[in-house]
Amino acid sequence: MTTDIEPIVMPKWGLAMTEGLLTSWLVDEGVELKPGTEIAEIETTKIANVFETPIEGKLRKLVATEGETLPVGALLAVIADDEVSNENIEAYVTTFQENFVPEETGEEAGPEPETVSVGEHRISYLKVGEGEGDPVLLIHGFGADTTGWMFNQTALADGRPVYALDLPGHGRSSKFVGDGSVTALSKAVSGFTAALGLKNVHLVGHSLGGAIAIAAATEVGAKSLTVIDPAGLGTDINIGFLQGFIDGKRGKQLKPVLEQLVADKSLISRDMINEVIKFKRVDGVLAGLQAIVDSNFAGGVQSIDLRATVKDLAIPVSVIWGREDEIIPVSQAEGIGDSTGVTVIDGAGHIPQMEKASEVNDIILATIGA
């Protein structure tokens, strides 16, 4: 272990994050930390989440205080060996604070969303990473957008480009969804890969996006497939969530709806609720979302069956499911096929890519052979 002082700083979860609220510390000064140890709870404008330390060593000083909102990169805590004096640690903290400059916001802060025309759609997407590795394409679920991958996209982008798109009807993409079916949306995805010239793409899809990824896998010549709590593998679905997401107009109505997404209800922040309300006020959004529900989940059941499609794929396939999923039951992960890897994650609901990001990222990387 090094005798140098090492900082733990406010993480950057997603390209849009500029600051975070430290809601609570989960560790005390003096403990030995290993990479992946949960040390704090941090709330962003998207969701609250647990912060895992990226480095190991003895936690000598907690610098930030609970309830404090700090910019990305701000000093949270200090790790150092016992040989380092308290005086040196205090001097380090003082120097760090005096020289710290928050990152710039705006166009120079990081990659900006781009758009591409795909038939009748204008698809918005965000690209992160470069390198010779085969590209990864992230496909979000119902009512979400590219920020649903804020804990994953950068983590997957070591040596390869990682694309996250906004499906038609979502995010910054045009709001036309056609008939809203998984088939129509999968054609938009395959058209997207063709428009950008993506080859040997690794598909990663969540929920509705999981069904779309399964349906598009052969068409795009996917090299691997990872689906997270996907639709399309059974009939049961929480139609109350879907319709409640569309119909809820105020925070008081939406809060219990969005809480169904997670195992830990405290992860749903006020800002997240406000972002959903803002999104639904955009012209065409509600009609598009309703078309998707009517096409794929009429009568409160899933109308598309992709189990045989998954079993027939001759590529690496992984299925990830949150054990406490309240939207699509985890039982639908059973019996998919001997060649399909299935991982059920404890302590996660319908969005394990946000609740248990490190575990999910590891599975995705293993599936793509990174």
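Helices α6 and α7 are roughly perpendicular to each other in this predicted model. The reasoning is short: the angle between them is about 110°, and angles of 65 to 115 degrees count as roughly perpendicular. Helix α6 covers residues 251–258, and its axis lies 10 Å from that of α7. The crossing of α6 past α7 is right-handed. On the α6 side, the contact is made by G251, L254, K255 and L258; on the α7 side, I273, V276, I277 and K280 take part.

Between these two helices there is a loop, and E259 lies in it. Is E259 buried or exposed? Its relative accessibility is 18%, so E259 counts as buried, the cut-off being under 20%. Leaving aside neighbours within four places in sequence, the contacts of E259 are with K265 and I268.

I turn now to helix α8. This helix runs over residues 285–296, which makes 12 residues. At 1.5 Å a residue it should span 16 Å, and the end C-alpha atoms are 17 Å apart, which agrees.

Which residues of α8 are buried? They are V285, G288, L289, I292, V293 and N296. Viewed down the axis of α8, these buried residues fall within an arc of 135°, so they line one face of the helix. The general background is that an α-helix has 3.6 residues a turn, so residues three or four places apart point the same way.

Finally, what do the buried residues of α8 pack against? Their partners are α3 (182–196), α4 (208–220), α5 (239–247) and α7 (270–280). Helix α7 thus appears in both parts of this account: α6 packs with α7, and the buried residues of α8 pack against α7.

Definitions and conventions
Residues are numbered from 1 along each chain as its sequence is written. This is a predicted model: local features need pLDDT of at least 70, side-chain atom pairs count only at pLDDT 80 or more; totals for chains, interfaces and linings use all residues. Side-chain values use heavy atoms; hydrogens and water are left out. Helices (H or I, at least four residues) and strands (E, at least two) are DSSP runs, numbered from the N terminus. The expected span of a helix is 1.5 Å times one less than its number of residues. Buried means under 20% relative accessible area, exposed over 50%, partly exposed in between (1.4 Å probe, protein chains only). The arc is that of the directions from the helix axis to the C-beta atoms. Contact means heavy atoms within 4.5 Å. Axes are lines fitted to C-alpha atoms, for helices over the stretch in contact, and angles run from 0 to 180 degrees between N-to-C directions. Angles under 35 degrees count as roughly parallel, over 145 as roughly antiparallel, 65 to 115 as roughly perpendicular and the rest as oblique. A crossing is left-handed if the near helix is turned anticlockwise from the far one by less than a right angle, and right-handed if clockwise.
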